[in-house]
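Subject: A structure to look at, with notes

Dear colleague,

I am passing on a structure that I would like you to open and turn around before you read my notes. Please keep it in view while you go through the rest of this message.

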There are 2 protein chains.
Amino acid sequence: MAEPSSVDPWGTVKIKDYDQLVKVFGIQPFHTVMRLMVEKGLPLSLHMRRGIIFGHRDFDKVIVSALERGEKAAVLTGFMPSGRFHLGHKLTVDQLLYYQRSLGVKVFVALADAEAYSVRRLPREKVIKLAVEEYVASMIALGLDPEKTTFYFQTNRGTPYYRLIQMFSGKVTASEFQDIYGDLTPAKVVAALTQAADILHVELEEYGGYKNVVVPVGADQDPHIRLARDLADRFSRDLGLKKPAATYHKLIRGLDGGKMSSSRPDFTIFLSDPPDLARRKLMAALTGGRATAEEQRRLGGVPEACTVYDLYLFGLIPNDRELRRVYEDCRGGRLLCGACKRMAWNLLEEFLKNFQERLEQAKEIAWKVVEAPSF
Amino acid sequence: MAEPSSVDPWGTVKIKDYDQLVKVFGIQPFHTVMRLMVEKGLPLSLHMRRGIIFGHRDFDKVIVSALERGEKAAVLTGFMPSGRFHLGHKLTVDQLLYYQRSLGVKVFVALADAEAYSVRRLPREKVIKLAVEEYVASMIALGLDPEKTTFYFQTNRGTPYYRLIQMFSGKVTASEFQDIYGDLTPAKVVAALTQAADILHVELEEYGGYKNVVVPVGADQDPHIRLARDLADRFSRDLGLKKPAATYHKLIRGLDGGKMSSSRPDFTIFLSDPPDLARRKLMAALTGGRATAEEQRRLGGVPEACTVYDLYLFGLIPNDRELRRVYEDCRGGRLLCGACKRMAWNLLEEFLKNFQERLEQAKEIAWKVVEAPSF
């Protein structure tokens, strides 16, 4: 695994303030962990190999050590069910699949229904339906094993979980909270303490006693990680909590190079998009192509600037060698954007078709495996 | 029932800012409600008759109406189990007894274990033991029917209760919160929203569906009432919540005329005080006596200034006529402080003896009727 450099096929997505994350906040670069994993014979995920996962906290101490010692471990993530499931969400689910299938790590998925209700002002019934039929069903259709995955609503998680929230509240001061989150409102306080409970409750015997926990996040979610780690420290004696690990991943861009988000549907591929619509979005995507075909043949394209290349990099082309060939063909001016987009569409169409075929059945399974809140 | 005046035997305890409570905050005077209750044939409590309960919000609309229509109603209070049970706590329990025995109203008692842990920094085990053996046991020994009373720990109340806290958090802004509570810390936010859930959760079907709720409080607890009432309004459509009623009572003073509180043991009668100790505290109590016996015979005592008279007023002398006689004998110079204190001690000793005889068995019952949190 080469270090990221300007001509690295895995290095297209730039992390803003990467140095700051490492130097100021103490996030560690991930490549040293990867060497350790290879030494220990642990498989790397596609997102690790390609540098999409760029940083971590204590992944070596918590997860690598646990796997080496044969101890149980857990991975936890959460979704606010307030929009439609898109490729940005899939990035996280792909990581969960790796933990579940390749490492045998237990998977927990929190559904932030209270936050969707209070922050997004969505009716409760809509939030619950969206959570089950859009989020949980998509995760199952993507391959998460419903038998081995715990999906839960934050407002339905049982008493010891809520007890944590109440106990945590007494061990964070207003100024610490403001340092971490920037401001302080009742909704934020409860949402943040709830997320800390999400991360830490799986360490309690009542929820399986998983002391080795990792949370895959984008860098923007680091405040939650810091709060949970601080609280674990403060409750290490009373509740036997251990600091959780985290990994930090780059985010997939929208098709205009901006954010991929439910609120920007024209630049976001939703997994339930009708093929025609997905095709139109893809064909209009921002690429790293030149002004003319002649120029592109002469100078080569710029995959680093290309949102279609992003799709390949984040998983649409799973084979590293094949990805490298596409990268080199683009830079060498041998692969022009029209042909490249047709290739991308073939891959994406196949993926969406397979996914959508599985989705209806996955919805039925989803209602069976998730206990919906009563209001 | 006469209006309070300067020579009223029920008027000894002055309410600071009484006018402000009524005019600024909209608390209503209680005497008009009493007239209504008498009209409807509802019995008045000792604390109502004696003006100790001086104000209310919607007691007429919520409780009097419910009783008139034969609808079920509930009274709710909460204790932070952080000290020992004293006569100040008894004032609230006496009110609960009235609701339970005389009005047939369902009683709920919240035990604020999380707050005791986070605010008072007491170890969890100690908090739980204190809650059961000191608070719940005392309430049972005072006569609350353990079969008809729901005692619960705030950290052990079940999922729909916590769901309320999370949903409430989204409907209070930071500035509203600051207006009501003065400041904003994570501990206060969670404690305040938890208290709102205490007051309102009994309206949910899951907890009995008691839509007519009253909360007896001191005026210092009014912020919680205001928050709960605001939230009930905001969730009237989504959750069918109805604004709770409240009554406001004067607080019994400590034996030096200051606050009666666990943190001031010399001036506070604890219900588990050994008789000798209680006697010494009582004998040193501040009275409304004059400098000399001669002067007192001539000018009379001042029961309004006397903390021993407070004990009588708040219930040590249950008979109103007898209380009036003591009041008049004091003011007329016929009852001097020495004899009066001996009389008070006879009554108090009898009360403590009976109470303490019942306490050990009440502790056993308490452990059976309260489900203790697992950590």
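What follows is a short account of what was found in it, part by part.

Please bear in mind from the start that this is a predicted model.

I begin with the two chains together. In the model, 35 residues of chain A are in contact with 35 residues of chain B. On the side of chain A that touches chain B, α6 (113-119), α8 (159-169), α9 (174-181), α10 (186-201) and α12 (236-239) each supply at least two residues, and α8(A) gives the most, with eight residues. If you sort the residues on this side of chain A by class, you will find 19 nonpolar, 13 polar and three charged.

Next come two helices within chain A. Helix α2 (residues 31-39) and helix α4 (residues 59-69) of chain A pack at an angle of about 20°, and their axes lie 11 Å apart. Since angles under 35 degrees count as roughly parallel, α2(A) and α4(A) are therefore roughly parallel to each other. Their crossing is right-handed. The contact is made by A:V33, A:L36 and A:M37 on the α2(A) side and by A:F59, A:D60 and A:V64 on the α4(A) side, and by class it has five nonpolar residues, no polar ones and one charged residue.

In chain B, helix α2 (residues 31-39) is worth viewing end-on. Its buried residues are B:V33, B:M34 and B:M37; seen down the axis of α2(B), these fall within an arc of 100°, so they line one face of the helix. What do these buried residues of α2(B) pack against? They pack against α3 (46-49), β2 (53-57) and α4 (59-69) of chain B. On the other side of α2(B), by contrast, B:T32, B:R35, B:V38 and B:E39 are exposed. The helix α2(B) is followed by B:G41, which has a positive phi, near 75°.

The last pair is also in chain B, where the axes of helix α6 (residues 113-120) and helix α7 (residues 124-141) come within 9 Å and cross at roughly 135°, which makes α6(B) oblique to α7(B). The crossing of α6(B) with α7(B) is right-handed. Here B:D113, B:A116 and B:Y117 in α6(B) meet B:R124, B:V127, B:I128 and B:A131 in α7(B), and the residues of this contact divide into five nonpolar, no polar and two charged.

With best wishes

Terms used. Residues numbered from 1 in each chain as written. Chains lettered and ligands numbered in written order. Predicted model: local features only at pLDDT ≥ 70, side-chain atom pairs only at ≥ 80, totals over all residues. Axes fitted to C-alpha atoms, helices over the stretch in contact; angles between N-to-C directions. Helix = DSSP H or I, 4+ residues; strand = E, 2+ residues; numbered from the N terminus. Parallel < 35°, antiparallel > 145°, perpendicular 65-115°, else oblique. Left-handed = near helix turned anticlockwise from the far one by under 90°. Contact = placed C-beta atoms within 7 Å. Nonpolar A, V, L, I, M, F, W, Y, C, P; charged D, E, K, R; others polar. Buried ≥ 20, exposed ≤ 12 C-beta atoms within 10 Å, placed from the backbone. Arc of directions from axis to C-beta.
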